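Grab the model and work through a few exercises with me. Try each task by yourself before reading on to the solution.

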Amino acid sequence: MRNIEDLPAWDRLFKKIVWKQLGNIKDKDILDFGSGEGITSDHFAEFNRVVAVEPWEDMLKDAWTDHDYRQVVGDINALSEFEDNSFDIIICHNVLEYIKDKESVVQELARVLKPDGYISLVKHNRNGRVMQMIVLLDDFEKANSLLDGEDSSASKFGTIRYYDDSDVFKWCPDLYIDKTYGIRTFWDLQQNQEKHSDEEWQEKMIQLEMRVSEMKDFINIAFFHHLIIKKKSG
């Protein structure tokens, strides 16, 4: 059986924080859009009915499958088989940054979301990236380009096309942001790499990250934002 403790320290902390923010979920219909290796799908499939959608087949070669869930290889077009209002919860973590047509994706996710459900959307936060460029990498040129509104890049997935939290309801006026959390506010600023894998230290970091994850000043500089998005009633 796969164990989250086997993940790299940064990924382990990231997922633990996101899962804590989502809370104890049971007996729900869940869509994990852009599921990657299926770590989050597998986690929630223990007590829920999960459909995972991932366009890159290479990501599935080492997929986590300790619990039963349905894996679909495809992109947003794969959702055409699902009726309106099909899912209680939609997970979309670090996906939209790598998609050009974000508006169509958000509208399709809204279509298959139940009226009383929500979308868990995790996204890069430009301010946090600027902090990382200066404090960790001493890269003034990149920091200034980010402040000028330019995109960034990720070694594995390519161009990071940043967008504002508020763009979500510009793309789909039927949606609204119910809650905003920060993720990895301090982690990326701690340069002592030896501490990162220490379980006691990491648990203290998670507790502190959770404590500030709903404080506006800390949300503004967190490396990621976690948006809980719901449909407007009526």
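The exercises below deal with a sheet and a helix pair in this predicted model.

**Exercise 1. Work out the strand order of the seven-stranded open sheet, and find which strands stand at its edges.**

Step 1: Start from β1 (residues 29-33), which is joined to β2 (residues 49-54) by five bridges, with the two strands running parallel. To check the register, look at D32, which sits opposite A52 in β2.

Step 2: Move over to β5 (residues 113-124), which pairs with β9 (residues 224-231) in the antiparallel sense over seven bridges. Here H124 faces F224 in β9.

Step 3: Now take the other partner, β8 (residues 175-183), which runs antiparallel to β9 and is joined to it by eight bridges. Among the opposite pairs are I177 with I229, and I183 with F224.

Step 4: Put it together, and the order reads β3-β2-β1-β4-β5-β9-β8, with mixed pairing. β3 (70-73) and β8 have a single partner strand each, so they are the edges, and one side of each is left without a neighbour in the sheet. On average, neighbouring strands are turned by 15 degrees against each other, ignoring direction.

**Exercise 2. How many residues are buried in β2, and how many in β9?**

Step 1: Count a residue as buried if its relative accessible area is under 20%.

Step 2: For β2, five of the six residues pass, so the strand is largely enclosed by the rest of the structure.

Step 3: For β9, seven of the eight residues are buried, and the strand is mostly covered.

**Exercise 3. Describe how helix α1 (residues 9-22) and helix α8 (residues 199-212) cross, and what kinds of residues make up their contact.**

Step 1: Get the geometry. The two axes come within 10 Å and cross at roughly 40 degrees.

Step 2: Classify the angle. Under 35 degrees would be roughly parallel, and 65 to 115 roughly perpendicular. The value for α1 and α8 fits neither class, and the helices are therefore oblique to each other.

Step 3: Add the hand, which is right-handed for this crossing.

Step 4: List who touches whom. From α1 come A9, R12, L13, K16, I17, K20 and Q21, and they meet E199, Q202, M205, I206, E209 and M210 of α8.

Step 5: Sort those contact residues by type, and you get six nonpolar, two polar and five charged.

Conventions:
Residues are numbered from 1 along each chain as its sequence is written. This is a predicted model: local features need pLDDT of at least 70, side-chain atom pairs count only at pLDDT 80 or more; totals for chains, interfaces and linings use all residues. Side-chain values use heavy atoms; hydrogens and water are left out. Axes are lines fitted to C-alpha atoms, for helices over the stretch in contact, and angles run from 0 to 180 degrees between N-to-C directions. Helices (H or I, at least four residues) and strands (E, at least two) are DSSP runs, numbered from the N terminus. Angles under 35 degrees count as roughly parallel, over 145 as roughly antiparallel, 65 to 115 as roughly perpendicular and the rest as oblique. A crossing is left-handed if the near helix is turned anticlockwise from the far one by less than a right angle, and right-handed if clockwise. Contact means heavy atoms within 4.5 Å. Ala, Val, Leu, Ile, Met, Phe, Trp, Tyr, Cys and Pro count as nonpolar, Asp, Glu, Lys and Arg as charged, and the others, Gly among them, as polar. Buried means under 20% relative accessible area, exposed over 50%, partly exposed in between (1.4 Å probe, protein chains only). Two strands pair if DSSP finds at least two bridges between them.
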